[in-house]
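I opened this entry to keep track of what I looked up, in the order in which I looked it up. The notes are meant for someone who has not seen this structure before.

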Amino acid sequence: MPSVTLAAELEVVTENWKPYNYEENKSVKGVSTEIVEKVLERANITYSIKVYPWARAYMMAQKKQNVLIYTMIRIPSREGLFKWVRPLGKGGTTSLYRLKKNEHINPTTVEGAKKYKVVTNLNSMDHLWLKENGFKKLEVPSKVKLSINMFFGERSDMIAFNDSTMAEEFKNAGFDSNDVVQVMPLFETLPYMAVSRSTSDNILKKLQKAYDSLIEENEISLVH
């Protein structure tokens, strides 16, 4: 009798965003990945995980059925676009940064910051927040490394970035976070996993139940 390959019940998509999720030696790793995999296994859901540029993963999770996306920051403009499972961490803050040497770039209010050119990743939580709050001078490459290169290459005045991952991401791109200074905090961030709206409520409930049981048993902890 021929062997049968079981089709994945969920297509799981993510991006390279250390320390949350990243591809290394053809394997998807990271603190968020560990939680997501534990939840999927406890829920007894078959799955496959692939890493994409964020803009592509974000589009897939809106257009396709049975897609789980992580790590995604839960913000008001995204609320109705997905079915939200559970948080993957305690969150952090997104801030505006400038190069230390560019002391003339020093706005003290959000309104004042709008006159400067800001780079951020396409369809990231930073991009959506900036757009919603009236920032017009935006550069939005599709990959985080491109945004960082543009910032350090002085093709933008400031970069919007999550405080908790800034140093690691800059280092991965070949730059030193000691060469930048925080201009101002913008908003608090809470990382989540979510599924596409066309995904069944049955799958959503299975994931939530699995997550809740793992939390209760101290099998997962939200430290970042």
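I began with what lies over the buried residues of α2, and I found that the cover includes β1 (10–14), β5, β6, α4 and β12. The buried residues of α2 itself are Trp54, Ala55, Ala57, Tyr58, Met60 and Ala61. I note here that the model I am reading is a predicted one.

I then looked up how α2 is placed, and it lies across β1, β5, β6 and β12, running at about 130° to β5. Helix α7 (residues 201–216) also lies across β1, β5, β6 and β12, and I noted that α7 runs at about 10° to β6.

Next came the sheet to which these strands belong. It is an open sheet of 5 strands in the order β4-β1-β5-β12-β6, with mixed pairing. At the edges I found β4 (47–51) and β6, each of which pairs on one side only. From one strand to the next the twist averages 30°. Within the sheet I checked β1 and β5, which run parallel and are joined by 3 bridges, and I saw that Val12 stands opposite Leu68 in β5.

My next entry concerns the nonpolar cores. The largest has 35 residues, and those that touch the most other members are Ile69, Met72, Leu96, Val118, Leu130 and Met158. I listed the elements that give two or more residues to this core, among them α2 (54–63), β5 (67–73), β6 (82–87), α4 (125–132) and β12 (191–196). Which element gives the most to this core? It is α2, with 5 residues.

I followed Ile69 further and, setting aside its neighbours within four places in sequence, found it in contact with Val13, Trp54, Ala57, Tyr58, Ala61, Tyr192, Met193 and Ala194. There is also a second, separate core of 25 residues, which includes Val12, Ile35, Ile49 and Ile220.

I turned to β10 with a question: why can β10 be called largely enclosed by the rest of the structure? The reason I wrote down is that 5 of the 5 residues of β10 are buried. Looking at the two faces separately, I found Met158, Ala160 and Asn162 buried on one side, and Ile159 and Phe161 buried on the other.

For the pairing of β10, I noted that strand β7 (residues 92–99) runs antiparallel to β10 and is joined to it by 4 bridges, with Asn162 of β10 as the bridge partner of Thr94. Strand β8 (residues 118–119) pairs with β10 in the parallel sense over 2 bridges, and here the bridge partner of Val119 in β10 is Ile159.

I also looked up a residue in a loop, Asn178, which lies between α6 (166–172) and β11. Asn178 is exposed, with a relative accessible area of 52%. Its C-alpha atom is separated by 8.1 Å from that of Lys100, although the two residues are 78 residues apart along the chain.

I closed with the protein as a whole, where I counted 7 helices and 12 strands. Buried residues make up 51% of the 224 residues. Of the contacts with a separation of 6 or more, 73% are between residues 24 or more positions apart. The accessible surface comes to about 11,300 Å², and 48% of it belongs to carbon and sulfur atoms.

Terms used
Residues are numbered from 1 along each chain as its sequence is written. This is a predicted model: local features need pLDDT of at least 70, side-chain atom pairs count only at pLDDT 80 or more; totals for chains, interfaces and linings use all residues. Side-chain values use heavy atoms; hydrogens and water are left out. A nonpolar core is a set of buried Ala, Val, Leu, Ile, Met, Phe, Trp, Tyr and Cys residues joined through side-chain atoms within 4.5 Å. Buried means under 20% relative accessible area, exposed over 50%, partly exposed in between (1.4 Å probe, protein chains only). Contact means heavy atoms within 4.5 Å. Two strands pair if DSSP finds at least two bridges between them. Axes are lines fitted to C-alpha atoms, for helices over the stretch in contact, and angles run from 0 to 180 degrees between N-to-C directions. Accessible areas come from the Shrake-Rupley method with a 1.4 Å probe; for residues, only the protein chains shown count as cover.
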